[in-house]
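Good morning, colleagues. I should like to take a few minutes to walk through one structure, beginning with a single residue and moving outward from there.

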Amino acid sequence: MATFRLQGSKVLAIDMAGDAVRAKNGSMVAYEGRMAFKKLTGGGDGLRGMVTRRLTGERMAVMEVKGQGTCWFADRATEISLVALHGDKLYVESDNLLATEAGLRTGTTFTGLRGASQGNGLFTTTVEGHGQAAIMSDGEAVALRVSPQYPLTVDPGAYVAHQGNVRQTFQSGVTFRTFLGEGGGEAFQIRFEGDGVVYVQPSERNTIAGDV
């Protein structure tokens, strides 16, 4: 089994003993040992995943790395966080996914208004199974707990990923920037309810559904 570990906050080291991982194409920065690299088309499982991404704009350029030794990955000096999956499913924007163990299943799921508000299309990437995944964020990601007693509302521009048994709904209203006199009009926010974790970044990406 491949071992994921961080070296600092912006470099992912993966130790491999003949196994394989999938990573964002072009993210390898160094390796030692014997490694083989193969570019994969799509990023989902099989032809259906490839076609879905072409139709929805959820584009992923993915490579498979297999070998003996250690490989290091990074992307534009973004911060990296490790997420452990224990048979559950991780929902993550494709631009924020750096690497996964090869045994994890990837696909797409419909996000509707959330994806439209972020300008990322109507679908997002899913990662499911047992293993580790590495996600990226603009600034150090914060894992915020969602519980039945304490639902969570998130700015779409700060959303990175979520996992667990949570439901998401969308609401419009006053934005955070409106309070500072920097925004005008309504915008969408994402409300999470249930039991799980939502990962947010301390920097907001540009959105198209109002000033958020």
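**A buried glutamine and its surroundings**

Let us begin with Q163, which is buried, at a relative accessible area of 9%. I should say at once that the model before you is predicted. Q163 sits in strand β11, which covers residues 159–173.

With which side chains does Q163 make polar contacts? One is that of D88, at 2.9 Å. Another is the side chain of Y199, where the polar contact is 2.7 Å. If we leave aside residues up to four places away in sequence, Q163 touches V83, A84, L85, D88, K89, L90, G196, V197 and Y199.

I turn now to the nonpolar interior. The largest nonpolar core has 17 residues, and within this core L12, I14 and F73 touch the most other members. Two or more residues of this core come from each of β2 (11–24), β4 (62–73), β6 (97–101) and β8 (123–137). Strand β2 supplies the largest share, namely five residues. There is also a second core, separate from this one, with 13 residues; L90, L104, V127 and V160 are among them. L90 has already appeared in this talk, as one of the residues that Q163 touches.

My last topic is charge pairing. How many salt bridges does the structure hold? There are eight. In one of them, the side chains of D75 and K24 meet at 3.0 Å, N to O. Because D75 lies in the loop between β4 and β5 (79–92) whereas K24 belongs to strand β2, this pair ties together parts that are 51 residues apart in sequence. D75 counts as buried, at 12% relative accessibility, while K24 is partly exposed, with a relative accessible area of 23%.

D75 also forms a salt bridge with R76, and here the closest N and O atoms are 3.0 Å apart. R76 is exposed, its relative accessible area being 64%. Through shared partners, salt bridges join K24, D75 and R76 into one network.

A further salt bridge links K38 and E64, with the closest N and O atoms 3.9 Å apart. K38 is in strand β3 (residues 28–40) and E64 is in strand β4, so this pair ties together parts that are 26 residues apart in sequence. K38 itself counts as partly exposed, at 48% relative accessibility.

That concludes my presentation, and I welcome your questions.

Conventions
Residues numbered from 1 in each chain as written. Predicted model: local features only at pLDDT ≥ 70, side-chain atom pairs only at ≥ 80, totals over all residues. Heavy atoms only, no water. Helix = DSSP H or I, 4+ residues; strand = E, 2+ residues; numbered from the N terminus. Buried < 20%, exposed > 50% of the residue type's maximum accessible area, 1.4 Å probe, protein only. Polar contact = N/O pair within 3.5 Å; in protein donor to acceptor, adjacent residues only side chain to side chain. Contact = heavy atoms within 4.5 Å. Core = buried A, V, L, I, M, F, W, Y, C linked by side-chain atoms within 4.5 Å. Salt bridge = Lys/Arg side-chain N within 4 Å of Asp/Glu carboxyl O.
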